[in-house]
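User: I would like to learn how to read helices, buried residues and charged pairs in a model such as this one. Could you take me through them one at a time?

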Amino acid sequence: MNEISKRIALLRDFMTKKNLQAFIIPSTDAHMSEYIPEYWESRRWISGFSGSAGTVVITLDKAGLWTDSRYFLQAEEELAGNEVVLFKDRLPDTIRIPDWLKTELTDNDRVGIDGNVYSAKGALKLKSELDEEKMVLVSDFDPFEGIWKDRPALPKNPFTLLPVEFAGEPAHQKIERVLAEAGKNGADSAWISTLDTIAWLFNIRGRDVPYNPVVVSHAFVSRNEKILFVDTDKVTMTIADILQKEGVKVVDYEQVSGFLAEMCNQSVCLDSNRLSYRVYNAIAERNWIVDVLSVADMLKSMKNEVEANGFRHVLVRD
């Protein structure tokens with residue numbers, strides 16, 4: 001038995017104990033990133049496929065990888081010798097994952113996902129399709145916490161602040177603009193989980209993902225609170241002081257669950273395609289959700305003059 005087969009066997013043992021007949025492993029992390037820290041590379045660990053996009057589905061007797069045409073040749077090479085079958089995603093004759101599950105499972109079978117790394121929009125759509133077939137979506141478990149014995153830790157890299165001379169606008173002004181746009185949609189607050197958006201909003205830059213200047217973090221902003229959830233070991237006193245002057249409170253990343261458990265009676269602007277199913281459900285439990293395209297990303301897409309000049313300067317240097 002090769003290493004991948006051993007890992008799949010460990011997952012199947014976990015599934016049997018939890019009464020799961022299938023488990024879906026996407027490529028994303030808790031922030032819906034395409035390029036992710038090693039800690040969340042569960043799909044790569046379980047299948048051996050190292051491309052940046054793809055989804056693995058494991059049942060008690062079969063295994064498949066769905067990936068797009070960028071990776072067909074790479075996937076064939078990396079899957080050779082193990083039981084994971086390549087499904088060439090987005091081709092007319094390739095079966096979709098929900099339809100494949102319908103052919104492999106029966107009524108009342110349970111399909112597992114880790115709600116922390118599955119997009120809310122994707123999970124809601126999957127749940128709807130499974131409900132039609134009388135199958136159950138279970139989002140409570142991260143099996144890799146137990147079966148991935150040498151799992152890398154979350155990154156501990158320090159981060160820096162991008163000076164206003166390069167950002168063109170201080171964080172507090174950007175936050176005010178985000179809240180104004182949220183207000184136009186009937187919300188009094190906004191939740192942001194995507195790392196590039198948080199880097200833009202707070203003018204921070206990090207090294208938590210190779211070749212991506214981002215910091216593992218979440219953000220919640222309202223008229224009363226502007227919170228950056230980040231590993232506080234990464235935050236120097238200087239950075240904390242500067243963020244505080246911008247009206248931003250730094251809270252440890254591990255306290256997100258506790259904060260969400262106490263959050264109530266707020267109308268929260270969010271993009272269900274850009275945050276996890278677990279965060280979405282936690283917010284929805286005691287608050288009102290305004291699900292729209294990310295207002296922060298819309299603002300981020302419109303470059304100010306300093307940002308535009310920065311792009312021009314980079315192209316000249318290149």
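**Reading charges and a helix**

Analyst: Let us start with one residue, R44, which counts as partly exposed at 40% relative accessibility; buried means under 20% relative accessible area, exposed over 50%, and partly exposed in between, with a 1.4 Å probe and protein chains only. This is a predicted model, in which local features need pLDDT of at least 70 and side-chain atom pairs count only at pLDDT 80 or more, while totals for chains, interfaces and linings use all residues. Residues are numbered from 1 along each chain as its sequence is written, and side-chain values use heavy atoms, with hydrogens and water left out.

User: Which residue meets R44 in a salt bridge?

Analyst: A salt bridge is a side-chain nitrogen of Lys or Arg within 4 Å of a carboxyl oxygen of Asp or Glu. The partner of R44 is E41, at 4.0 Å from N to O, and E41 is itself partly exposed, with a relative accessible area of 22%. A search of the whole structure finds 28 salt bridges.

User: How far apart are K125 and E129 along helix α5?

Analyst: Helices are DSSP runs of H or I with at least four residues, strands are runs of E with at least two, and both are numbered from the N terminus. K125 and E129 are four residues apart in α5 (residues 120-132), and therefore about one helical turn separates them. Their side chains form a salt bridge at 2.9 Å, N to O, although E129 is buried, with a relative accessible area of 10%. Both belong to a network of salt bridges that also links R96, D99 and K102.

User: What does K226 have around it, given that it is buried yet has no salt bridge?

Analyst: For such a case, Lys and Arg count as positive and Asp and Glu as negative, with His and the chain ends not counted. The nearest side chain of opposite charge to K226 is E176, 4.2 Å away, whereas the side chain of K226 reaches the backbone oxygen of S222 at 3.1 Å. K226 lies in strand β11 (residues 226-230).

User: Which residues of α8 are buried, and where do they lie around its axis?

Analyst: The buried residues of α8 are A171, K174, I175, V178, L179, E181 and A182. Seen down the helix axis, they fall within an arc of 160 degrees, so they line one face of α8; the arc is that of the directions from the helix axis to the C-beta atoms. After α8 comes G186, with a positive phi near 85 degrees.

Terms used. Polar contact = N/O pair within 3.5 Å; in protein donor to acceptor, adjacent residues only side chain to side chain.
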